[in-house]
Structures are given as C-alpha cells and as structure tokens.
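Work through the exercises below with the sequence and the model open. Each task is followed by a solution in steps.

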Amino acid sequence: MAQVEAGLMRCPSSQGFASLRTLLRGIEAFLRYERNELDQVRDILGEALPALADQGIVDAVAFGYIAAARSRSVNGDFGTALDILSEGEAVALKRSFARLGRILSAERALLLLRNGAVGQGRVLVDAMAEPPPQRISVQGLRARLAIADGDGPRAIELLRPVVDKARRLGRQSRLCELLFCVALAEDLRRDDAACHSALSEALEIASTEGLLRTVLDEGRPVAALLTHWLERGASSMQPAIHLALRILDLGAGGAGPNPQPALPTIPATSTLPRAAATSPSAAFNKREIQLLGLLSEGLSNAQLAKQCCISEGTVKWYLHNLYEKLGVGNRTALLRAVRELGLRL
C-alpha cells in the first residue's frame, strides 16, 4: 500500500499519467478491499474501472476487476459481480490475454462456490484445463468442490501440494486462503487438532498481513470454526485472537454476548457523503454525474454504455453504487432523490 500511495503521488492525473494511475488504482482497490474499506474501493474504481480494459499489465487489471466484483458481491449484488467478471474475460479474449482470462474465470468459480452455487461452480471448474498438481488456483477450487461434497480426505489430498508450494514461495495471501480450506476439510475428517492448527496459522497470517476480507468472505462455515477455535484456547498470538473476535462481531452483527455465527457481510451505506450537505455535486464523481444526466433522459443500460464508451457491466456497477449512496432501490427513486438534493442534471 505504501508503494502504491507513493506511486500515485508521483503520477498526478493532470500531467499525462492516466494509464499508470489506472494500474496503481486497480491494485489499490484490491488492497483496500482486503482491509474492508468498501467505500474507498467504490471511489477508487469510480476513477479506474472505465479505463482498466485498455491497460497492459495483467495483474493490475485483474486486481481491479476482482475488487469491483467482490465489492458488489459483498453488498448482495451478485449478478453485477458476475457481469463485471464477464466484462474482464471479454477483454482478455479480445486482447489475447490468456492469463487474465484464467484468473477471472477462476474468480468467477470462487464467487459461485462461496455463494453456494456449487452446481454452476462445478461446471466452470470442470471446464478448466487439467492443471499440474501444483497449480494453486485450480487445485484450490477443486478442493472447495470436494469440501462441498463432504469429502474431506480428497480435499486434503488436493490441498497438500499447493499449500506446500504457497508456503515455499512466500505467497501469504494465497496460503492464508488455502489454510482455511484445510481447516474446513479437517473438520469434515473430524480431526480437531489439525483443524485447530490450520486455523491458527491462517489467522496469524491474516492478522499480520491485514487480510480481513480473506476471512470474512469465507462466510458461515469458517465463522463456526472460529467460535470453536476461540473456545478451545485459540492461540498465544493476540492479533490473531482479536481478528477472530472482529470477524465474528462483523458476521453476527453484534447480536448479544454469544451470537451464533452468521454469514459475514457489511451493510451497504444508505446515506450520502457529508459533502452533499453543502455541495450536492461533490457527492458524485464525474462519471456518476454523467450517468445521472443520461438517466434523466430515460436511456437503457445498453444506451448508457454506448454513450459513455463503457460496458453494460460497468454501467450496472455505477448504478448500484448510486443506489447505495442515496439509499434507494431503483432508477425512479434515484432520480427523485437527486432532484431533492437540488442537483441539476
């Protein structure tokens, strides 16, 4: 994050650094998503998302699309999340970025599996080319399918080589995610000691690396394991304990002293930024103001996309962000709320 922020300071948008800023902002969006700074993710992608498709560094482009998709999924807008990934996959195909296509296809499968759409996720995973045993992303997805099928031993068999590889390469974020899968698989095998060990290592990584959403996005199954982990004595590392408590607090909504684990989600904001109190237009970025103006003319999503030179998936992403900013659920209510603010379209 420090390197990204330093790079952005050296690349002001007014001095011809638009392309580099887009790449840095794509990376920043992903990092801030991991910190659960969802409002900032929305603002960052408001600048970067329309230009991501024209950039040439695959990892930065992938980070941006993944952050956009996950941030929409967190707020319950699963359809737009998948649309955003489809847009990125179309970019990959058009520009012959095979690795970008693989990354985003794996992300699509991951979102489907995490949201309980196991059948659709299985179709995607089965269609992926047979990987070497150490290809981390695909093996991890296959392990998740085994967990969904209740086959703990098969999941451990798939996970063992990729956990070793991630640990050897120092890929802490990926290792953390895989270790939570190990914990779920060991729980299926009823090996409490192995489950506890995997959770302890995963939480220690997550707490030191700032991987809050890596834990939150695993949902109810991991939340249930964390409760048991804390009851068992947890770990001697205080940051890991604090992270586990924070995860359960966010996931259960603080319902009583001993809340039941629930699917961790963060409620969408339903109020405008404070800037709206004195300057309504300051509540929206340039792209949002452009879309609001076109919406008032009654244009469809396809027409909006054509007018703004962006995809329909990106249009949906912006619209749902606007709905959240103004606490509304449809276009009519959105335009009414904007008029009440006194913003001329």
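The exercises cover confidence, nonpolar cores, the largest pocket and the largest cavity.

**Exercise 1. Confidence**

Task: State the mean pLDDT of the protein, and find the stretch where the pLDDT is below 50.

Solution.
Step 1. The model is predicted, and its mean pLDDT is 86. Of the residues, 88% reach 70 or more.
Step 2. The stretch with pLDDT below 50 is residues 252-278. Beyond near neighbours in sequence, residues 252-278 have 47 contacts in the model.
Step 3. Predicted coordinates should not be read in detail where pLDDT is low. Treat those 47 contacts of residues 252-278 accordingly.

**Exercise 2. Nonpolar cores**

Task: Give the number of residues in the largest nonpolar core, and say which helix supplies the largest share of this core.

Solution.
Step 1. The largest nonpolar core holds 55 residues. Those with the most contacts inside this core are Leu45, Leu49, Tyr65, Leu100, Phe284, Leu292 and Leu334.
Step 2. Helix 4, residues 58-74, supplies the largest share, with ten residues.
Step 3. Take Tyr65 and leave out residues up to four places away in sequence: Tyr65 then touches Leu49, Leu52, Ala53, Ile84, Leu85, Glu87, Gly88, Val91 and Leu104.
Step 4. A separate second core has 43 residues, among them Ala166, Leu178, Leu184 and Leu226.
Step 5. As background, nonpolar side chains tend to be buried together in soluble globular proteins.

**Exercise 3. The largest pocket**

Task: Describe the lining of the largest pocket by element and by class.

Solution.
Step 1. The volume of the largest pocket is about 1200 Å³.
Step 2. Its lining consists of 46 residues, and Ile66, Ile103, Ser137, Arg171 and Arg174 lie nearest the centre.
Step 3. At least two lining residues each come from helix 2 (18-34), helix 4, helix 6 (98-114), helix 8 (136-148), helix 10 (172-188) and helix 12 (212-216). Helix 6 gives the most, eight residues.
Step 4. By class, the lining has 20 nonpolar, nine polar and 17 charged residues.

**Exercise 4. The largest cavity**

Task: How many cavities of 30 Å³ or more does a search of the whole structure find, and which residues line the largest cavity?

Solution.
Step 1. The search finds one cavity of 30 Å³ or more. The largest cavity contains about 40 Å³ of space.
Step 2. Its lining is Cys195, His196, Leu199, Leu225, His228, Trp229 and Arg232.
Step 3. Helix 11 (192-209) and helix 13 (220-231) are the elements that each give two or more residues to this lining.
Step 4. Sorted by class, the lining of the largest cavity has four nonpolar residues, two polar and one charged.

Terms used:
Residues are numbered from 1 along each chain as its sequence is written. This is a predicted model: local features need pLDDT of at least 70, side-chain atom pairs count only at pLDDT 80 or more; totals for chains, interfaces and linings use all residues. Side-chain values use heavy atoms; hydrogens and water are left out. A nonpolar core is a set of buried Ala, Val, Leu, Ile, Met, Phe, Trp, Tyr and Cys residues joined through side-chain atoms within 4.5 Å. Buried means under 20% relative accessible area, exposed over 50%, partly exposed in between (1.4 Å probe, protein chains only). Helices (H or I, at least four residues) and strands (E, at least two) are DSSP runs, numbered from the N terminus. Contact means heavy atoms within 4.5 Å. On a 1 Å grid over the protein atoms alone, a cavity is a set of points where a 1.4 Å probe fits but cannot get out, and a pocket is an open set with protein on both sides within 12 Å along at least five of seven lines; lining residues have an atom within 4 Å of a point. Grid points are joined across faces, edges and corners, and a volume is the space filled by probe spheres set on the points. Ala, Val, Leu, Ile, Met, Phe, Trp, Tyr, Cys and Pro count as nonpolar, Asp, Glu, Lys and Arg as charged, and the others, Gly among them, as polar. pLDDT is the predictor's confidence in each residue, from 0 to 100.
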